[in-house]
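User: I would like to learn how to read a model of a protein at the level of side chains, helices and pockets. Could you take me through it feature by feature?

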Amino acid sequence: MDPSPIVSLSAVLFPLLLSLYLLIVVLRATARRKLRLPPGNLGLPFLGETLQLISAYKTENPEPFIDDRVARYGAVFTTHVFGEPTVFSADPETNRLILQNEGRLFESSYPGSIQNLLGRHSLLLMRGSLHKRMHSLTMSFANSAIIRDHLLVDIDRLVRFNMDSWTARVVLMDEAKKITFQLTVKQLMSFDPCEWTENLMKEYMLVIEGFFTIPLPFFSTTYRRAIQARRKVAEALRLVVRERRRESERGERKKDMLAALLDEGGGGGGGTFSDEEIVDFMLALLVAGYETTSTIMTLAVKFLTETPHALSQLKEEHIEILAKKGENEALQLEDYKSMPFTQCVVNETLRVSNIISGVFRRAMTDVTIKDGYTIPKGWKVFASLRAVHMDHGHFKAARTFNPWRWQNGSGTTSCSMNVFTPFGGGPRRCPGAELARVELSVFLHRLVTQFSWVPAEQDKLVFFPTTRTQKRYPILVQRLNEVRAM
């Protein structure tokens, strides 16, 4: 075979590809000079710096990806990740600008695969006046009065119900997920643990797995299973909604989120919410309540186990509370307010774990930020909450678990008020923030007053695709009353 045509073709293609690459570089540089983008590196054509980001977050120490770029370019820099040019912010003031200007300068932006799993009427994907109303409704079911009058009793009861079955070896993440799922189902639909809730949770676990895989049903069995499970969950919730509508027509009403949704006017104004809108909304809230809080519970126990002095001080606080009550007496709001060191532990767990690493938004117009840089219209921005929380300039020895730092109130060495934002901020701040704190506090109270434990095996943190422990943190538990009886 004559190799000359191949050589000739290569001789033509190589200069063309090189010219195309150089043209892209020149156009990027020209656009950057015109708009004065934040400094940075867009990386390779098409791929950008996505592989470097993923590689960093697959290690036990993902911080160098951010640290190296902040040292080189500053706290706000330009990169290219997940297929799009992105302005990355590790600056608390810029993060606040992004979070507070939802709907004016920036809008939420998530891949279509998220909508496929959550539904287009989920709180995460809603915008405008409908989002504002639904966010307000959600917050109304997690305020101090509701927690005091209804939720605290349910939280304490369900935590104890699950801990009653603990023996010997416990996979803590799995147990925490059971607790948070049951609590969320109770809050949304008034269901106590039963066969129906167990079956629903099994399908939910398949839906959750779909968030962390390639979102192509043809290539990914996991994603295909997730979509199928989503249909089953939606149908199960739809049957509940229909039955509750019939009960409502008969004058029967429960005090839960579903009752409020059935009463509330729907859409952009007037009328009631459709079954589809209610199902999507509840489905997404179950995901939010189930996954994040259970991870925080697990990591709190891991960090405390690795910091014995903190665990000892926490136990003292809760034994003192228990001494004023009967062992089986339910916790009250006054007890929750008598947990100052617990709140230090909660804050530090939230700061170090960074369950929500940051938030993506898209610029609705050209936005001028500090130092005169511009975020172009249509570009993605990433407000990194983790980068701020792990910055030594804002928190002394920022990468060390130190709950005592919060005993002075703010926990930070920075004069800025925007450096601790574990629940985000602005109109999309997590509406269940206080409820998550209460759940973790009650969980820790029952854990430290009923059990002693040691890790069953070595387990380490991983950060991709989310923060969690690699082995779901198995522990060996022993009831304290059994220890006393020995």
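Analyst: What follows is a walk through salt bridges, backbone angles, a helix and a pocket, and it should be kept in mind throughout that this is a predicted model.

User: How many salt bridges does the structure hold?

Analyst: A salt bridge is counted when a side-chain nitrogen of Lys or Arg lies within 4 Å of a carboxyl oxygen of Asp or Glu, and by that criterion the structure holds 37 of them. One of these joins the side chains of Arg-399 and Asp-67, with 2.9 Å from N to O. This pair links distant parts of the chain, 332 residues apart, since Arg-399 sits in the loop between α16 (385-389) and α17 (433-450), while Asp-67 belongs to helix α3 (residues 63-73).

User: Are Arg-399 and Asp-67 buried or exposed?

Analyst: Neither word fits, because Arg-399 has a relative accessibility of 35% and therefore counts as partly exposed, and Asp-67, at 31%, is likewise partly exposed.

User: Where do Arg-160 and Asp-156 lie, and how should I read their spacing?

Analyst: The general idea is that an α-helix has 3.6 residues a turn, so residues three or four places apart point the same way. Here, Arg-160 and Asp-156 are both part of helix α7 (residues 144-163), where they are 4 residues apart, or about one turn of the helix. Their side chains meet in a salt bridge of 3.6 Å, N to O, and both residues are buried.

User: Which residue forms a salt bridge with Arg-250?

Analyst: The partner is Glu-252, and the closest N and O atoms of the pair are 3.2 Å apart. Arg-250 is exposed, because its relative accessible area is 52% and the cut-off for that class is over 50%, whereas Glu-252, with 41%, is partly exposed. Salt bridges can also be read as networks, and one such network links Asp-154, Arg-157, Lys-186 and Asp-192.

User: What is the value of phi at Ala-168 and at Asn-354?

Analyst: The point to look for is a positive phi in a residue other than glycine, and Ala-168 is a case, with phi near 55°; Ala-168 is found in the loop between α7 and β4 (169-171). Asn-354 is also a residue other than glycine with a positive phi, near 50°, and its place is the loop between α15 (340-353) and β5 (358-363). Asn-354 counts as buried, because its relative accessibility is 2%.

User: What span should α17 have, and how many of its residues are buried?

Analyst: At 1.5 Å a residue, the 18 residues of α17 should span 26 Å, and this agrees with the 26 Å between its end C-alpha atoms. Of those 18 residues 17 are buried, so α17 is largely enclosed by the rest of the structure.

User: What lines the second largest pocket?

Analyst: In general, rolling a probe the size of a water molecule over the atoms shows where empty space is left. In this structure, about 450 Å³ of space lies in the second largest pocket, and its lining is made up of 19 residues, with Lys-177, Glu-209, Glu-291, Arg-468 and Arg-472 lying nearest its centre. The elements that give two or more residues to this lining are α8 (172-189), α9 (195-209), α12 (275-305) and β11 (468-469), and α8 gives the most, with 5 residues. By character, the lining divides into 7 nonpolar, 4 polar and 8 charged residues.

Terms used. Residues are numbered from 1 along each chain as its sequence is written. This is a predicted model: local features need pLDDT of at least 70, side-chain atom pairs count only at pLDDT 80 or more; totals for chains, interfaces and linings use all residues. Side-chain values use heavy atoms; hydrogens and water are left out. Buried means under 20% relative accessible area, exposed over 50%, partly exposed in between (1.4 Å probe, protein chains only). The expected span of a helix is 1.5 Å times one less than its number of residues. On a 1 Å grid over the protein atoms alone, a cavity is a set of points where a 1.4 Å probe fits but cannot get out, and a pocket is an open set with protein on both sides within 12 Å along at least five of seven lines; lining residues have an atom within 4 Å of a point. Grid points are joined across faces, edges and corners, and a volume is the space filled by probe spheres set on the points. Ala, Val, Leu, Ile, Met, Phe, Trp, Tyr, Cys and Pro count as nonpolar, Asp, Glu, Lys and Arg as charged, and the others, Gly among them, as polar.
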